[in-house]
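Visitor: Please take me in for a close look at one single part of this model, and then work outwards from there to its wider setting. I would like to know what surrounds that part.

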Amino acid sequence: RAPARLCWRACLSRPRRISVSMAEFARWQWDDQGQWRDFSEQYQAEMEASFQSRADSIQMDIPPHGTFKMDLKQMQQVTVKGRIVGYSRDIRRQARKIEAGYFILGQEGNIYASDAAIDKIEAEETLKAMEAVLARIVDDPEDFGRRSVNLEDEEYREALGMCEEAVEFMNERGFEEIEEGDARFLVFMQDDIGGLRDALQEVQARLAFVRKPKPAVASIGSSSSSTAPAPPSNEVPSNEVASNEVPSNEVTASEVPPSNQAPSNEVPSNEVPSNEVTSNEVPSNEAPANEAPSNANASDDAPSSEAPSLAKSSKEAPSNEAADCTPSRGEGGRFGSLSEGQDAGASPPCWSFASTVPGDLSFSPGRPWALKLVLPGGEERSLNLVDDTLEELLKEAVSASGFRLPIVRVIEDADAPVGLAAEPGVPLCRAARVARDARLAVEDFEKTFVDKLAGGLLRLQDLAAVAPLLAWEKPELPRLLLGRLRSLLEGSCEAWCKAAGCSAESELSYGRALLRFLYADKPLEKRLEVIKQLLPVEKRNDKTLLKVKRKQFLRTALSGLQKLTAVQLRRQFAVQFEGEVAEDHGGPRRDFFGTFGARLLAELPALWKQLPRGALVPVADLVAELTPKSKMAGFGDAASVYRACGRACGLAARFGDVVGEEFAEFFLHQVARDDTVPLEELQQQLSHAEGPGDIRASQAVLSKPLVELGLQPTLSRIISHTQVEVELVPGGRDVEVTDDNKAEWLQLHLHNKLYGSLRKGADSFREGILDVFGGSRRTCPLLVLLSPSELARLWAGACVGPEQLRRWREVAVVSQEVQKQADWFWELLEEGDEELRGGILKFATGVHRIGGVGLQCFEVQPADGGDESLPSAMTCANMLQLPRYTTKAALDKQLRKAIELCDGFQVL
């Protein structure tokens, strides 16, 4: 196909013509009761391939919903097999013609033509009004007064009400247009606001775009009056391209085919290439299975933090200290950087630096990393990488080659996973096994990028390999990443992976690198939002209901959780307490998780223990295996109990609810990470768990002679509360520890105590989390984006201290009818202790501690009655209802009484 030829006038004596890469970026969507939703990523490529091959229709299996006929002429989806056979709904193809520079950092690519309503809006005031409407709903979803806009108000009449494209866009995102007399309103009445966050990003991106001086965007199928200026006639041939020239990106509407027609196989030389995908690129009849992924892949992870081996020679250092290529834990380690490296091949697993790797891989900060770039013509250029990062390498490749979007491959190992170095804190040498003096081929990736993007076959591996050069602020790229990851985590991407020539495991590994590249340094609230976006889209009428009994709480809760399938765990989730009247809209669910944390130690003391400083941790594996079944809440083995506990904590994290108990950080490190823990951190973790008085957590054990400390250890230890002795190395009970090898002994000893002895319990707990979120230890979004300490705080929540109380009062909305009573209420909270505040919080919201993102809303409303009446609460809405008490003392008395009497949801 001939390239699009776009002319410009440079500050030179003659005009020039250059070739510009164009992509037709198409998204297929279906109508969900007035709101347009994207098809999952695995179906996008299949739909587009059929469209490009000009097929009339395609039959597609979409488990578990059924089989559907996609009529590409009438743009209808008809149910062939499944619920409501014959039911039809609209589908559509939203296409954009985008110059490749649009996606490249620092370039000025244009959107030339688009079906999307947002791309047809040029007025800055309109976009600012749309941004304001969307932002106020996203910022406070619980304030339903913010969800409607009067299009006849002076503020919105011209900016929003008179712009058909703006109203169309808002309707597509779930707003309903309602007329009342002469007034017109846009109202958003849906519970799920996830789509509004995406819409806000689109509007903000479009607003930034129109603020830059650019030619008008020509709509597909628009009239000639909206076309951009025609190119001048005095052009030079297209192969004369000055390297320092920039196109003006002018294009006429006639150069873009109508969106409702499949592109012709014959493309005139002056037209934009269609980048069509032939029908054999994606097997149209091979439907991917949409089964929830079994967590068998979790067993492929390396055992948590394997202890370094210690030979009987007392001066041999642990293997983890031998490699100086480890990234600093301050930057990447706490978020689980790629500390074990990656193996070659399509599915790169963890690999150990103890293995034999060709070449010199010992990178140290400040020591330049010598490499050679091989350019397309065969020219070689030497370079020294100071930081050994992918970003540094790609910048050198751009400078050396002049390509806008180069990709780099290791010549000696074409399968080396270079893109894994996109993860912050991961050296190139570790991610891709790039040895010193390695030869790296530089290739122009721009056309391949465009072709794969247009065909729906752009892999996460491709994105990761050029991630530092892409303009990630454009909403299309993050949406593609998150949509693809969601499909991979659902386990329904087999057909797409086959067509794209990759494996799901490999794509998830590159997805991990990209997630951390984009979001690792974002605030906790933003990372939790991203994690939620990676869960399956919740259906309004598709809910999992868990029934529990308060008198047998833990037994019924854990057994009920264990019976749920992974599909059920990823739906909307509600709790019903037997014999209680509440319908769960959030309050009973929060109560459930808080009660789970409070009962865990009390009802399962044989499997959980509390450390001296209050944190919870499983008992040692040997102890758990010897626990009688009568003490396992009705389960037959400890692993099933721990897995059910992991499911409970996974669900709590999914909904932003707190368990109310702190888990030991070293336990959560083993759940989430697989990197080797250095001795200094092991000592810190022991001190945090046991207290600073333990000699093993101090520097004295390393600085003072063992004789002086009265220690005569061997390379074995006795499991706490048992008489079982375990060897830290084979034959360890016969190996004497001396002052020369005591550091190695201490690391092995602490590693076994904090990690090795709990491995089975941690593995089972992790399995429960993966049942909720999908993936593996290295690819589960929750474990990728949150550090162990953040996980601990997320589940524990925070007690209601002075700062939390201040925030509580800031978000509160108080009815004027009980303003005096509310003032007394805040005074009682300020005067009371944390126990009282926690009790009142639980009475009003269902949980006694505040979650990681803080209390988002609270209301104080009037209730009937006087001084002898109890207050009431609507926990789902975080609403406290106060009678009109005449004195502060009366309020204090009745509030404390309500806290004491409250044990469930009843009508009092």
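Guide: Valine 701 is a good place to start: its relative accessible area is 1%, so it counts as buried (under 20% relative accessible area is buried, over 50% is exposed and anything in between is partly exposed, with a 1.4 Å probe and protein chains only). Please keep in mind that this is a predicted model, in which local features need pLDDT of at least 70, side-chain atom pairs count only at pLDDT 80 or more, and totals for chains, interfaces and linings use all residues. Residues are numbered from 1 along each chain as its sequence is written, and side-chain values use heavy atoms, with hydrogens and water left out.

Valine 701 sits in helix α21, residues 700–703 (helices are DSSP runs of H or I with at least four residues, strands are E runs of at least two, and both are numbered from the N terminus). Beyond four places in sequence, its contacts (heavy atoms within 4.5 Å) are with Gln683, Ile695, Arg696, Leu709, Leu711, Lys742, Trp745 and Leu746. Lysine 742 is 41 residues away from valine 701 along the chain, yet their C-alpha atoms are separated by 8.4 Å.

Contacts across such stretches of sequence have a counterpart in the whole protein: among contacts between residues at least 6 apart in sequence, 69% join residues at least 24 apart. The protein has 908 residues, of which 54% are buried, and its fold contains 30 helices and 26 strands.

Serine 764 is another buried residue, with a relative accessible area of 13%. Serine 764 lies in helix α24, residues 759–773, and past its neighbours within four places in sequence it meets Ala639, Tyr642 and Arg643. Tyr642 also turns up among the contacts of tryptophan 608, which, again beyond four places in sequence, touches Leu600, Leu601, Leu616, Val617, Pro618, Val619, Tyr642, Cys645, Phe663, Phe667 and Phe765.

Tryptophan 608 brings us to the largest nonpolar core, where Trp608, Phe667 and Trp795 have the most contacts among its 161 residues. Such a core is a set of buried Ala, Val, Leu, Ile, Met, Phe, Trp, Tyr and Cys residues joined through side-chain atoms within 4.5 Å. The helix that gives the most to this core is α18 (residues 638–655), with 10 residues. A second core, separate from it, has 32 residues, including Val149, Leu151, Cys163 and Leu200.

Alanine 166, in helix α4 (residues 164–172), is fully covered by the same yardstick: it is buried, with a relative accessible area of 0%. Not counting residues up to four places away, alanine 166 touches Ile121, Thr126, Met130 and Leu160. Its C-alpha atom is 10.0 Å from that of aspartate 119, which lies 47 residues away along the chain.

Tyrosine 885 is a buried residue in a loop: the loop runs between β26 and α30 (888–901), and the relative accessibility of tyrosine 885 is 1%. Setting aside residues up to four places away, tyrosine 885 touches Gln821, Trp824, Gly866, Asp867, Ser869, Leu870, Pro871, Ala890, Leu891 and Gln894. From tyrosine 885 to serine 869 the C-alpha distance is 8.6 Å, over a sequence separation of 16 residues.

Two backbone angles also deserve a look. Most residues other than glycine have a negative phi. Asparagine 878, however, has a positive phi near 55°; it belongs to the loop between β25 (872–874) and β26 (879–882) and is buried, at 8% relative accessible area. Arginine 54 has a positive phi of about 60° and lies in the loop between α1 and β5 (57–62), but with 45% relative accessibility it is partly exposed.

Helix α1 also leads to the empty space inside: α1 (41–52), β3 (22–32), α8 (446–455) and α10 (476–490) each supply at least two residues of the lining of the largest cavity. A cavity here is a set of points on a 1 Å grid, over the protein atoms alone, where a 1.4 Å probe fits but cannot get out, and lining residues have an atom within 4 Å of a point. The largest cavity has a volume of about 120 Å³, a volume being the space filled by probe spheres set on grid points joined across faces, edges and corners. Its lining has 15 residues, and Ala26, Arg27, Gln44, Leu453 and Gly456 are the closest to its centre. Across the whole structure, the search finds 4 cavities of 30 Å³ or more.

How values were computed
1 Å grid on protein atoms, 1.4 Å probe; cavity = no way out; pocket = protein on both sides within 12 Å on 5 of 7 lines; lining within 4 Å.
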